[in-house]
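Trainee: Before we discuss any contacts, could we look at the model together and then reason through a few side chains?

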Amino acid sequence: MTTRGFTGRGQSPEIKDRVPPGQSLTEDFPVLSAGPTPRVRTEDWKFTLKVGPKPVISWNWDEFNALPQTKLTRDIHCVTAWSKLDTHWQGVLIDDILAEANLEPPTDFLLAHGYDGYTTNVPVKDLTGGRAMIATSYDGKPLTADHGGPARLLVPHLYFWKSAKWINGLQFTARDEPGFWELRGYHIYGDPWREQRYTGD
């Protein structure tokens with residue numbers, strides 16, 4: 001686990017209010033992944049929205065980047081106990097993806113899928129209302145492969161394993177289906193402020 005740049009003492013009250021319990025600040029951006037880093041070329045990238053097993057709509061890289069672009073500045077929190085404040089992202093809000101697909105959410109749950117086979121579950125209410133995006137840029141530059149590029153899910157108010165790297169699709173599911181880490185003992189929801197790291201927290 002990367003630990004360079006962590007701080008925890010001498011924080012102003014304003015900063016402390018932004019750091020969830022059990023977290024320490026880092027100025028770095030640690031790289032943590034469940035397996036090898038896939039190298040996905042933008043020429044080969046495709047993003048698909050599904051309802052159950054049925055594809056509803058897909059975009060290639062150029063088509064996806066022609067959708068409305070939004071910039072977000074958000075604090076992020078990893079289950080391994082680091083937090084990073086004021087991170088800068090650009091991409092397409094989930095709201096705008098659904099609007100382009102002319103799709104009202106048919107269920108309350110989504111499963112995010114990555115090119116590496118990774119999955120994670122997120123309630124629809126945590127992805128809509130401007131709360132989440134498919135990010136293609138970090139800190140003004142294209143998202144690198146180590147950080148999930150060319151595109152990753154960004155759900156900053158939940159632990160960062162919910163922000164699936166190398167994303168290639170979102171799938172509406174009839175129930176709250178656990179994903180990769182949730183099946184391996186991580187919390188089904190993952191709220192940093194409630195320290196929902198593991199099952200039973």
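**A buried histidine and its charged surroundings**

Mentor: In this predicted model, His187 has a relative accessible area of 10%, and because buried means under 20%, His187 counts as buried.

Trainee: Which backbone oxygen does the side chain of His187 reach at 3.4 Å?

Mentor: His187 is placed in the segment after strand E12 (167–173), and a polar atom of its side chain lies 3.4 Å from the backbone nitrogen of Gly190. The oxygen that the side chain of His187 reaches, at 3.4 Å, is that of Asp201.

Trainee: Among the residues in contact with His187 are Lys162 and Glu182; how many Å apart are the closest N and O atoms of the salt bridge that Lys162 forms with Glu182?

Mentor: Side chains of opposite charge can pair when their charged atoms come close. Lys162, at 0% relative accessible area, is buried, and Glu182 is buried as well, at 8%. In the salt bridge between Lys162 and Glu182, the closest N and O atoms are separated by 2.7 Å. This pair links distant parts of the chain, with Lys162 in the loop between strand E11 (152–154) and E12 and Glu182 in the segment after E12, so in the numbering of strands from the N terminus the partners lie on either side of E12, and their separation is 20 residues.

Trainee: Arg197 is also in contact with His187; is Glu195, its salt-bridge partner, buried or partly exposed?

Mentor: The side chains of Arg197 and Glu195 meet at 2.9 Å, N to O. Arg197 is buried at 12% relative accessible area, whereas Glu195, at 33%, is partly exposed.

Methods: Residues are numbered from 1 along each chain as its sequence is written. This is a predicted model: local features need pLDDT of at least 70, side-chain atom pairs count only at pLDDT 80 or more; totals for chains, interfaces and linings use all residues. Side-chain values use heavy atoms; hydrogens and water are left out. Helices (H or I, at least four residues) and strands (E, at least two) are DSSP runs, numbered from the N terminus. Buried means under 20% relative accessible area, exposed over 50%, partly exposed in between (1.4 Å probe, protein chains only). A polar contact is a pair of N or O atoms within 3.5 Å; within protein, one must be able to donate a hydrogen and the other to accept it, and residues adjacent in sequence count only if both atoms are side-chain atoms. A salt bridge is a side-chain nitrogen of Lys or Arg within 4 Å of a carboxyl oxygen of Asp or Glu.
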